[in-house]
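I opened this notebook to keep track of what I looked up, going from one topic to the next.

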Amino acid sequence: MQELRIEGVSKRYHHVAALTVTTLTVAAGEFLTLLGPSGSGKTTLLSLIAGLIESDSGRILLDGKDISGLPPYRRGLGMVFQNYALFPHMTVAENVAFGLQARRLPVAEVQQKTQQALNMVRLGALAHRLPKELSGGQQQRVALARALAYQPAIVLMDEPLGALDRNLREEMKFEIARLHRELGTSVIYVTHDQEEALVLSDRICLMNQARVEQIDTAQALYFKPQTRFAAEFLGESNLFPCQVQKFDGANVLTLDALGLRLPYAEPLPASDNILLMLRPESIEVGSTTAPLPAGVLAVWAQIQSSQFLGAMTRLMVRVGETDIRVLQRTTSLSDLQQFTPGAQVQLWIDPARCHVVTA
Ligand SMILES: Nc1ncnc2c1ncn2[C@@H]1O[C@H](COP(=O)(O)OP(=O)(O)O)[C@@H](O)[C@H]1O
Ligand SMILES: [Mg+2]
């Protein structure tokens with residue numbers, strides 16, 4: 001098992017900065033996902049690690065050894081890309097064996113490792129088929145077997161499920177999670193799909209405009225994003241400009257948009273330009289019968305629209321000039337009656353569920 005470390009790596013294409021990474025460490029056995037919009041530098045980073053392109057500066061260290069000068073096949077990494085690129089004239093087994101033969105392993109070992117890799121992805125019985133005789137998901141599993149066959153320390157995957165339809169994507173997602181669990185290999189996985197990132201990752205490296213925006217667990221990234229970009233990219237959020245004042249050493253935030261002042265116990269970012277984030281599910285439409293819970297603040301709002309989604313109802317409400325998104329749990333028919341457009345409701349806001357990000 002090996003640790004991968006990236007130090008000061010950058011890549012430009014003419015005048016476009018495609019990537020700048022100060023430091024990034026992938027622990028042995030970790031599943032790290034590079035998540036970000038199209039063009040944010042995910043493929044560039046993966047290609048630099050793989051050795052498919054050369055960086056302009058910096059070092060890539062595998063267990064402390066600089067591998068930036070090595071060609072791809074000498075880095076000991078497995079790769080799976082969106083277009084699985086199986087050799088069409090070779091059988092499944094031959095496709096998987098190809099990389100092992102290129103490494104000049106003895107014939108018996110090639111056979112044994114090929115079979116083992118195919119069993120791992122549950123394709124042992126289809127070893128003699130040609131790629132065109134397989135479904136898209138099966139082909140992608142052959143690509144996985146090929147990448148895993150020589151037991152690389154790290155497997156790199158660039159949107160491996162991108163070409164599959166929805167059901168297959170679900171199935172493959174669990175297959176990849178299972179393989180990672182069973183093999184303990186490190187995985188660096190690229191996707192722009194936040195659900196894939198949430199389900200699979202030990203940590204998510206959120207990328208934005210050729211930089212690393214934030215690296216954290218899925219939970220930390222969701223509940224404690226550091227920036228507006230992170231707050232908006234993962235999940236939904238309401239963001240309100242706010243001012244900070246200090247009373248007896250404690251921070252109090254003033255939200256002009258909602259006419260609210262609330263205590264804020266978390267540390268504040270260094271920036272002056274801050275926004276208060278409230279996830280739609282963190283706002284509650286207050287009960288008309290129960291009293292306001294201690295510490296919770298109330299604001300009157302008007303329902304603009306409501307969408308019944310079953311377990312949840314999605315509301316758009318307005319406070320003054322400000323539209324706010326609310327996701328409310330629906331437990332009974334009578335809950336729905338107060339969500340009629342035009343109705344006045346109380347929003348309950350718990351300061352403990354508020355979080356500040358930099359704008
Ligand atoms: N071969 C190339 N030539 C010129 N620009 C490129 C090339 N490859 C990538 N880029 C640019 O580098 C940036 C990052 O691209 P990429 O790493 O492919 O992003 P992602 O995988 O996140 O969609 C983009 O602005 C892209 O247009
Ligand atoms: Mg890409």
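My entries below take up the ligand and then a sheet.

Entry one, the ligand. I kept in mind throughout that this is a predicted model. I looked up what surrounds ligand 1 and found Y13, V16, A18, P37, S38, G39, S40, G41, K42, T43 and T44. Sorting these shell residues by character, I noted four nonpolar, six polar and one charged.

Entry two, polar atoms at the ligand. I found a backbone N or O atom of G39 at 2.6 Å from an oxygen atom of ligand 1, and a polar side-chain atom of T44 at 2.5 Å from an oxygen atom of ligand 1. For T43, I noted an N or O atom of the side chain at 2.8 Å from an oxygen atom of the ligand. I then looked up the cover, and the protein takes up 59% of the 560 Å² of accessible area that ligand 1 has on its own. Two or more shell residues come from each of β2 (16–26) and α1 (42–50), and α1 gives the most, with three residues.

Entry three, the sheet. I traced an open sheet of five strands, in the order β16-β20-β17-β18-β19, with antiparallel pairing. Why does one side of β16 and of β19 lack a neighbour in the sheet? I noted that β16 (283–285) and β19 (322–329) stand at the edges and have a single partner strand each, so one side of each is left free of a neighbour there. On average, neighbouring strands of this sheet are turned by 45 degrees against each other, direction ignored.

Entry four, one pair of strands. I looked up β17 (residues 297–308) and β20 (residues 344–349), which run antiparallel and are joined by six bridges. Within this pairing I found A298 opposite W348 in β20.

Methods: Residues are numbered from 1 along each chain as its sequence is written. Chains are lettered from A and ligands numbered from 1 in the order in which they are written. This is a predicted model: local features need pLDDT of at least 70, side-chain atom pairs count only at pLDDT 80 or more; totals for chains, interfaces and linings use all residues. Side-chain values use heavy atoms; hydrogens and water are left out. Two strands pair if DSSP finds at least two bridges between them. Axes are lines fitted to C-alpha atoms, for helices over the stretch in contact, and angles run from 0 to 180 degrees between N-to-C directions. A residue is near a molecule or strand if one of its heavy atoms lies within 4 Å of it. A polar contact is a pair of N or O atoms within 3.5 Å; within protein, one must be able to donate a hydrogen and the other to accept it, and residues adjacent in sequence count only if both atoms are side-chain atoms. Accessible areas come from the Shrake-Rupley method with a 1.4 Å probe; for residues, only the protein chains shown count as cover. Ala, Val, Leu, Ile, Met, Phe, Trp, Tyr, Cys and Pro count as nonpolar, Asp, Glu, Lys and Arg as charged, and the others, Gly among them, as polar.
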